[in-house]
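Grab your viewer and work through the exercises below. Each one sets a task and then walks through a solution.

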Amino acid sequence: MIRFDYLLKKVLFAIITLSIVVVFNFFLFRILPGDPVKLLFRNPRLTKQVQETIRVQFGLDKPVWINSERLQAGDLAGIFDSQFGAYISNLVQGNLGVSFAQRNSVNKILSERVGRTVLLVFTGEFFAILIGMAVGMVAAWRRGTWADAAALLIGLTTWALPTFFLGIILLVLARGFLPTSGMVEPGLAKEGTLTYWLDVGRHLILPTITLAVGSASAYMLIMRSSVAEVLAEDYILTAKAKGLTTVQILRDHALKNAMLPMITIIALNLSYVVGGAIQVETVFSWPGIGRLVFDSVAKQDYPVLQGAFLLLAVSVILANLITDILYSVLDPRIKAS
Amino acid sequence: MTFSDGTPCTAVEAAWSINWILENELPAIITYLSNVIKADAIDATTLQITLSQPVNNMISAKLLYVYIMPPHVWQELSAEGIMSYDDPSVTIGAGPYRMTEYQPDEYMILQANENYWRGRPPIDQIIYRQFANDDALIQALLSGEIDLVTAGSLPYSGIAALEADPNIKIDSGQAYQFSELSVNWTPDGTAPASLRDPVVRKAIDLSIDREQIITVAYAGYGQVGNALIPPAMGGFHNTDIGEIPYDITEANRLLDEAGYKDSNGDGIREDKDGNPMEYRLMTDDTTAYNFRIIQIISDGLAQIGISAQPLVESTDSLIARQVDFDYDLIHWEWYVDADPHFLTTVFTCAETQDGGWNDSGYCDPEYDKLVEEQATAPTLEEREQDIWKIQEIVATERPWLMLAYEEAISAYRKDRYEFDPRNPIATLKWALFYGFKKIG
């Protein structure tokens, strides 16, 4: 049973974190030097008048924090006639604003890309968890043997390998056999047909491997040390003495206890399912959230960045909340403390 | 002549388009129609444009950028309606291709326009793919996944790999682009007073190894810079302005003579107030080669006793600095229109105000007069003369030190396509496809 007050405390904490993120998110981009209109429209073709129109359109003519002019005029409701006020009121209505660069609603841009990122990161993490846990368990069981040494060596090497570097190496190796960029061959088939999804699958191979290799080694290393620790416990010795098979010992006695640290790292990694793997998506031109963030930084597209950061923050906070709850289910000692 | 959907495209539609842009004050395009009052179609092939004053660059600076649009699609929309309009199915034009599919950040598909007035283009379908990664782009061309990388997209870092492949041809040509070093010498700014001394600016100019910039940063695809107007603009480029020599000895001699001595022997000269000659030398972080350029400049300056640590900042913060004249030296890369008008206006007094383009702070009413003259000169010869004079002034006063004229470079698979280089300026993408023919 999960205790209600424990749950309430955790949810409350998540809400507070989220509100801080919402405010921080707004100011993060406002403290950068320069005027977004100047930058985006530093274009000889735009007259001063047009620049002014654009500034009004995006609400950039208003004061950033509070409208002190209207406050001085005794108009209390007018205090929030500011960029911050508009941001909060839009946010409450679920409106993330309009992209400077794409002239499109940020909600629409993000929702188009979220699915693609989830597909990529989820596939990658799925294989990473499977491989990482299996190899980690074997390495711990065969601790000190050549199999353990090999797993450690390969694990540490791939873990230390920068993701983009691995991606580029794979790109060069697979040149001519597998597609190097994008999610689908342009104009090949209509979305939703079998041919379309098979082609998406082909495009998924390289980014998935890149993503999985990096994550799998992290899972492997943690799984290995975690299982090794459990295997040193007395109850494992008891289980061995009872004559249980290796599979029984690992599955029924070691695994559940070794899972706690794994849950933390899996949950943290899964929170990036929405945020996107910026490096992998950029190397393979995968049109997801990660690449959107990368492009938007280059274009200084603040509304998109704000929206993407908020999405990322929400997913991290949610993942943490779920971890906390899972923890208390897996280990009853935690909710007591 | 018809649009891609078969409806007529004549002077009537051209006149309608110009008037419609004027009426709705379409942002960006409207500035190309300054001084235009209205357009009338006399008959199907005669267009009459009424101006408020004589304009000498009607085609190169104005009509080239004004779209002729099918009235039956556009007349339903207001200026605001266009802002939020996103139905790509009505991409109707009179060009050789029409867009049939578009996925933002992914690809765009163009189909040959059967009704194109010069005849059906030689290539049926063009797929534009967007790569987020330069290495992937190069690998895709090497493996044959793609056939062509258009100008402006080819990374300098990949050129060596492409040059080594016998199936790939690199094509290059002059382009409307250049890079310069802006010098801040307005008294209102934060730059050291020594930059206001023409001798110092000349010495800096002589200390720049332009050949090395071309080789190292632009992989050899460029010309050393000297005049304000790039050679791609033909007769407007002042050929009398000689190459700026890379001459450390002369630069040192000039500074010595002007009294900038290194009196404390630390390798850095002191200015007239006894302060060390140290400048902030900056570029933006958009490309890796930008940094190489300012490194080369910094090395040259070190040899003439000037300390300038290369610094990289975001474009955003550099623009903020420029607007406030809070910088010493900034390297910028430019892509400009085919007409020289805009470049000549950069150094006018008006552009020093309200975050205008004049980042050096140079201001001279005589110069402003010349700019006005070139804009209204009745003949091309007279306009060229004015523009040559303008370039002489810029070369002597040095608000900008012209570094290089980069070439537009594209690369294609020559085992699949033949290219007839009738269009040397590869930036004209639509015309470019006319030069291609499939092999076999």
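Helices here are DSSP runs of H or I at least four residues long, strands are runs of E of at least two, and both are numbered from the N terminus. Keep in mind that this is a predicted model, with an ipTM of 0.77 and a pTM of 0.81.

**Exercise 1. Work out how many helices and strands chain B has, and how its radius of gyration sits against the globule rule.**

Step 1: run through the secondary structure. Chain B comes out with 15 helices and 15 strands.

Step 2: get the overall extent. Along the principal axes, the C-alpha atoms fill a box of roughly 80 × 55 × 40 Å.

Step 3: apply the rule. A compact globule of 440 residues would have a radius of gyration near 22 Å, and the 25 Å of chain B agrees with that.

Step 4: look at burial and contacts. In chain B, 36% of the 440 residues count as buried. Take the contacts between residues at least 6 apart in sequence: 65% of them join residues at least 24 apart.

Step 5: check the confidence. Chain B has a mean pLDDT of 88, with 95% of its residues at 70 or more. The pLDDT drops below 50 over residues 424–430, a stretch that still has 22 contacts in the model beyond near neighbours in sequence.

**Exercise 2. Do the count for chain A, and decide whether it is compact or spread out.**

Step 1: the secondary structure of chain A comes to 16 helices and 0 strands.

Step 2: for 337 residues the globule rule gives 20 Å, and the radius of gyration of chain A is 25 Å, well over that, so the chain is more spread out than a compact globule.

Step 3: the C-alpha trace spans about 85 × 60 × 35 Å along its principal axes.

Step 4: 30% of the 337 residues of chain A count as buried. For contacts between residues at least 6 apart in sequence, 68% join residues at least 24 apart.

**Exercise 3. Find the residues with the most contacts inside the largest nonpolar core, and say which helix gives the most to it.**

Step 1: the core in question has 113 residues, and those with the most contacts inside it are I297(B), L329(B), L401(B) and L403(B).

Step 2: helix 9 of chain A, residues 194–231, gives the most, with 12 residues.

Step 3: zoom in on L403(B). Skipping neighbours within four places in sequence, its contacts are S179(B), E180(B), L181(B), I208(B), R210(B), I213(B), G225(B) and I293(B).

Step 4: don't miss the second core, which is separate and has 15 residues, including V98(A), V106(A), I109(A) and L305(A).

**Exercise 4. Locate the kink in helix 11 of chain A.**

Step 1: compare spans. Helix 11 of chain A covers residues 246–270, and its end C-alpha atoms are only 30 Å apart, whereas a straight helix of 25 residues would reach 36 Å at 1.5 Å a residue.

Step 2: scan for the bend. There is a kink of about 55°, centred on L255(A).

Step 3: list the buried residues of helix 11 of chain A: L250(A), A254(A), A258(A), I266(A) and N269(A).

Step 4: for contrast, try helix 10 of chain A (residues 234–241), where 0 of the 8 residues are buried. Just after helix 10, G243(A) has a positive phi of about 90°.

**Exercise 5. Name the buried residues of helix 7 of chain B and what covers them.**

Step 1: in helix 7 of chain B (residues 198–206), the buried ones are V200(B), R201(B), A203(B), I204(B), D205(B) and L206(B).

Step 2: the cover includes strand 8 (177–183), helix 9 (248–257), helix 10 (288–303) and strand 13 (400–413) of chain B.

**Exercise 6. Where do S285(A) and F325(B) lie, and are they buried or exposed?**

Step 1: recall the background. Most residues other than glycine have a negative phi.

Step 2: S285(A) is not a glycine, yet its phi is positive, about 50°. S285(A) lies in the loop between helix 13 (278–283) and helix 14 (289–299) of chain A. It counts as buried because it has 24 C-beta neighbours inside 10 Å.

Step 3: F325(B) also has a positive phi, near 50°. F325(B) is in the loop between helix 11 (315–323) and strand 12 (329–335) of chain B. With 19 other C-beta atoms within 10 Å, F325(B) is partly exposed.

Terms used: Residues numbered from 1 in each chain as written. Chains lettered and ligands numbered in written order. Predicted model: local features only at pLDDT ≥ 70, side-chain atom pairs only at ≥ 80, totals over all residues. Core = buried A, V, L, I, M, F, W, Y, C linked by C-beta atoms within 7 Å. Buried ≥ 20, exposed ≤ 12 C-beta atoms within 10 Å, placed from the backbone. Contact = placed C-beta atoms within 7 Å. pLDDT = per-residue confidence, 0-100. Expected span 1.5 Å × (residues − 1). Bend = angle between axes of the 7 residues up to and from the residue. Rg over C-alpha atoms; globule rule 2.2 N^0.38 Å.
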